[in-house]
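Thanks for sending this one over. Here are my notes, kept to points you can follow with the structure open beside you.

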Amino acid sequence: MDQKINRLVLIIISLILFVFSFSFFPKNSVYAILEPTLVKDINKVPYGDIKYLTSLNDEIFFQGYSDYKGYELWKSDGTEEGTVIVKDIKGGFGDSNPSNLIKFGEYIFFSATDGVKGVELWKSDGTESGTVMVKDIISGSSSGFPADFFVLGETLFFTANDGINGSELWKSDGTESGTVMVKDIRSGSYGGMQNFVGNSKFASIGNILLFTANDGTNGYELWRSDGTSAGTYMVKDIYTGSNSGANPYNIRKDFIVINDILYFPGDSSSGSGIWRSDGTSSGTYLVSSIVSSVSNFVNYNGNLLFRGENSQLWK
């Protein structure tokens, strides 16, 4: 009994000392490291916003709003004086809406409009003079709408619409002449790669780009590209015929590479489930159909974890 009382007394004394020890720290010292601080109040109106934060060298680039220039390209080195607008691309109060920012080489690439050329491909080295349009994909005021940027080696892949072929696969080396359509996957103006907002468009294994596309005959299926027209082709017709075996609506963000294997939700005549691919037809097959409703793919230490039936965690 005495031992239990002594043990209880020691626990109580330890708790008192633990709480009392905090009184020796300066006030708020525990929270100083965690408390965020405002770098700069660039939005003087309540509906202002910042988006697409992307790093280049020692600076962060983003779409920022100011009440006198609208939504434009900004950068910050983390200090108030170093947080500035890079360029008023669309002069005056109009918005250039720089979007889809991505680092490629020593530049930030993005889509924007100067009010004359429509939404096209731009790049910036962080200076006003070095912020320029790369290419007017659709000549004039119409928009090419470059989006879904993905860097693979020394090539920037994206989707765009030239006004003739619809939304198709494009690439750029950062120059006007080097910004071209890779292949007209679906002949005509409809395009083989429609924009599915919020979906993962691309993945890669080695130097091979993987994506879903519709050639107008086989539905949306798994495709690959090495950046050339001849090297851009369908990997496998997962769901034979005009049905889609790799539907972007179903895949959404679940297009993930683990140990050089692509995993994605797929559909075939035999059912739905998790598919895998190494980029070849023979290496593309159904892994499991035990769990047909799958989503939220995550790479955890080389294992595929996902949300399965009844919102349970599977692997």
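1. A word on terms before the strands come up: two strands pair if DSSP finds at least two bridges between them. Please also keep in mind that this is a predicted model.

2. Let's begin with strand β1, residues 51-56, and its neighbour β2. They pair in the antiparallel sense, with four bridges between them. If you want a landmark on screen, look for S55, which stands opposite I60 in β2. The hairpin of these two strands has two residues between them, and N57 takes a positive phi near 60° there.

3. On its other pairing, β2 meets strand β3 (residues 70-76), again in the antiparallel sense, this time over seven bridges. G64 and E72 of β3 stand opposite each other. The connection is a hairpin that takes three residues to get from β2 to β3.

4. Is β2 mostly covered or mostly uncovered? Strand β2 spans residues 59-66, and six of its eight residues are buried, so with buried meaning under 20% relative accessible area, the strand is mostly covered.

5. Next, a pocket. The second largest pocket holds about 220 Å³ of space. Which residues lie nearest its centre? They are V39, K40, I42, I50 and F62, out of twelve that line the pocket. Sorted by class, the lining has seven nonpolar residues, three polar and two charged. F62 deserves a second look, as this residue of the pocket lining falls within the 59-66 span of β2.

6. Further along the chain, strand β10 (residues 155-161) runs antiparallel to β11, and six bridges join them. T159 has L169 in β11 as its bridge partner. Five residues sit between the two strands in their hairpin, and G163 in the turn has a positive phi of about 85°.

7. β11 also pairs with strand β12 (residues 180-183), in the antiparallel sense and over three bridges. Here W170 stands opposite M181 in β12. Why is β11 described as largely enclosed by the rest of the structure? Because five of the six residues in this strand, which covers 167-172, are buried.

8. Towards the higher residue numbers there is an open sheet of four strands, ordered β17-β18-β19-β20, with antiparallel pairing. β17 (256-258) and β20 (285-288) are at the edges with a single partner strand each, so one side of each has no neighbour in the sheet. From one strand to the next, the twist averages 50°.

9. Within that sheet, strand β19 (residues 271-277) and β20 run antiparallel and are joined by three bridges. R276 is the residue to find here, as it stands opposite Y285 in β20.

10. My last point concerns D267, which is found in strand β18, residues 261-268. Is D267 buried or exposed? Its relative accessibility is 16%, and because the cut-off for buried is under 20%, D267 counts as buried. The side chain of D267 makes a polar contact of 2.4 Å with the side chain of S272. S272 falls within the 271-277 span of β19, so you can follow this contact from β18 while you have the sheet order β17-β18-β19-β20 in view.

Methods: Residues numbered from 1 in each chain as written. Predicted model: local features only at pLDDT ≥ 70, side-chain atom pairs only at ≥ 80, totals over all residues. Heavy atoms only, no water. 1 Å grid on protein atoms, 1.4 Å probe; cavity = no way out; pocket = protein on both sides within 12 Å on 5 of 7 lines; lining within 4 Å. Points joined across faces, edges and corners; volume = space filled by probe spheres on them. Nonpolar A, V, L, I, M, F, W, Y, C, P; charged D, E, K, R; others polar. Axes fitted to C-alpha atoms, helices over the stretch in contact; angles between N-to-C directions. Buried < 20%, exposed > 50% of the residue type's maximum accessible area, 1.4 Å probe, protein only. Polar contact = N/O pair within 3.5 Å; in protein donor to acceptor, adjacent residues only side chain to side chain.
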